[in-house]
Amino acid sequence: DWTAGNIIDDAIERVRQQVGEDEVLLGLSGGVDSSVVAALLHKAIGDRLTCVFVDNGLLRQGEGDQVMATFAKHMGVRVIRVDAEDVFLSRLAGVTDPEQKRKIIGNTFIDVFDAEAAKLKNVQWLAQGTIYPDVIESAGAATGKAHVIKSHHNVGGLPADMKLKLVEPLRELFKDEVRKVGLELGLPADMVYRHPFPGPGLGVRILGEVKKDYADLLRPADHIFIEELRAHDLYDKVSQAFAVFLPVKSVGVTGDGRRYEYVIALRAVETIDFMTARWAHLPYDFLDLVSRRIINEIEGISRVTYDISGKPPATIEWE
Ligand code: XMP
């Protein structure tokens, strides 16, 4: 019968059989699936697992440090953090089309990851956080996995002489099972129950051209929103929530001064399958508090709006 413990014992046994004494590489994103794979493989093969965590400069506030603290520091997993912000941002400079941005971010991820992988001469296996829904539907975006599926298809893009074989220990599990396994392996609950975050990260939440200045305004706004959702016990009541940066300026007043700054849109949705969604009817008092905090605390933001579009016709992300 199904218990997280049984599943883990079974998965560990199979991984050990599969990879033997070989070394395994994992692209760790900080998302639920790759995090659970990291914890599982670490338990199965210890330091024969090497994780590569690519910081693309499009992560949320404190996210990179959090990943390193959880895995490298607390669990003793070998994690190589690649600071690739400059590469990503320079390749994105001047690009405004959403699909082109997605492609550039995906391809740059593969380039950076491959370059790092090529340095690891002894690795024979590539681990992936593929879960059962990814296997049955190629519509990966529905589970927030388009990016992984894309890089999966690009395994052939790894240096030819590496010839990595795939190990996918979550292939038979549904999302809720993956979460239970993660908890049982000791991952923090707030990591295991995180909202989905798209592979292109803040790259698709900064409308139009992606700039570091914009990301630096978006990060604290998003952080305030998420922090208040948690503080008001609303985080787990919505399926996904985030802030979006709008590169338009709007007039405001502060004291006797006039401001002319950027706009933040807040988005929160309720959904079962992410294929359709309704906007979350968050309390007005709560939205009021978040709006005030963002405008008061972030110089450079003068207006906050709340997105009341359903999916369809709108998508959850703005790009
Ligand atoms: P949309 O915006 O299409 O999003 O309504 C549905 C779900 O998929 C996530 N999403 C992505 N995930 N790469 C990903 O890994 C992507 O390019 C991508 N685009 C959207 C989105 O966050 C939501 O959970």
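# A quick tour of a two-domain model

Pro-313 sits in the segment after β9. That's one small spot in what is a predicted model, so let's step back for the bigger picture. The domain assignment splits the protein chain into domain 1 (4–192) and domain 2 (205–306). Below you'll find how those domains meet, what fills the core, how some helices pack, and a few backbone oddities.

**The two domains**

- Start with the spacing: the C-alpha centres of domain 1 and domain 2 are 29 Å apart.
- Each side chips in to the contact, with 12 residues coming from domain 1 and 12 residues from domain 2.

**The nonpolar core**

- The largest nonpolar core holds 77 residues, and the ones touching the most other members are Val-24, Leu-26, Leu-41, Cys-51 and Ala-221.
- Helix α2 (residues 32–45) gives this core its largest share, nine residues.
- Where does this core lie relative to domain 1 (4–192) and domain 2 (205–306)? Both domains give residues to it, so the core lies between them.
- There's a general tendency behind this sort of thing: in soluble globular proteins, nonpolar side chains tend to be buried together.
- Cys-51 is a good residue to click on. Leaving out residues up to four places away in sequence, Cys-51 touches Leu-26, Leu-28, Ala-38, Phe-71, Val-77, Arg-78, Val-79 and Ile-80.
- Leu-26 turns up in that list of Cys-51 contacts, and Leu-26 is also among the core residues that touch the most other members.

**Helices α10 and α11**

- Helix α10 (residues 212–231) packs against helix α11 (residues 284–297) at an angle of about 150°, and their axes are 10 Å apart.
- That angle makes α10 roughly antiparallel to α11.
- As for handedness, the crossing of α10 and α11 is right-handed.
- On the α10 side, the contact is made by Pro-220, Ala-221, Ile-224, Phe-225 and Glu-228.
- On the α11 side, the partners are Phe-286, Leu-289, Val-290, Arg-293, Ile-294 and Glu-297.
- You may recognise Ala-221 here: it is one of the core residues touching the most other members.

**Helices α4 and α5**

- The axes of α4 and α5 come within 10 Å and cross at roughly 150°, and this crossing is right-handed.
- Val-87, Phe-88, Arg-91 and Leu-92 are the α4 residues involved, and they meet Lys-101, Ile-104, Ile-105, Thr-108 and Val-112 in α5.
- Ala-93 is in the loop between α4 (85–92) and α5 (98–119).
- Is Ala-93 buried or exposed? Ala-93 is exposed, because 10 other C-beta atoms lie within 10 Å of its own, and 12 or fewer counts as exposed.
- If you want a sense of distance, Ala-93 and Ala-268 are 29 Å apart from C-alpha to C-alpha, with their positions 175 residues apart in sequence.

**Helices α1 and α8**

- Helix α1 (residues 4–19) and helix α8 (residues 175–184) have axes that come within 9 Å and cross at roughly 85°.
- α1 and α8 are therefore roughly perpendicular to each other.
- Ala-4, Gly-5, Ile-7 and Ile-8 in α1 meet Glu-177, Lys-180, Val-181 and Glu-184 in α8.

**Backbone oddities**

- A bit of background first: most residues other than glycine have a negative phi, and most peptide bonds are trans.
- Against that, a cis peptide bond joins Lys-311 and Pro-312, with omega about -10°.
- Another cis peptide bond joins Pro-312 and Pro-313, with omega about 10°.
- Pro-312 is in the segment after β9 (301–306), and Pro-312 is exposed, with 9 other C-beta atoms within 10 Å.
- Pro-312 and Thr-276 are 36 residues apart along the chain, yet their C-alpha atoms are separated by 6.1 Å.
- Asp-233 has a positive phi, near 60°, although it isn't a glycine.
- You'll find Asp-233 in the loop between α10 and β6 (240–254), where Asp-233 is exposed, with 8 other C-beta atoms within 10 Å.
- Phe-274 is another residue other than glycine with a positive phi, near 65°.
- Phe-274 is in the loop between β7 (257–270) and β8 (278–279).
- How exposed is Phe-274? Phe-274 is partly exposed, with 17 other C-beta atoms within 10 Å.

Key
Residues numbered from 1 in each chain as written. Predicted model: local features only at pLDDT ≥ 70, side-chain atom pairs only at ≥ 80, totals over all residues. Core = buried A, V, L, I, M, F, W, Y, C linked by C-beta atoms within 7 Å. Buried ≥ 20, exposed ≤ 12 C-beta atoms within 10 Å, placed from the backbone. Helix = DSSP H or I, 4+ residues; strand = E, 2+ residues; numbered from the N terminus. Domains from an automatic or database assignment. Contact = placed C-beta atoms within 7 Å. Axes fitted to C-alpha atoms, helices over the stretch in contact; angles between N-to-C directions. Parallel < 35°, antiparallel > 145°, perpendicular 65-115°, else oblique. Left-handed = near helix turned anticlockwise from the far one by under 90°.
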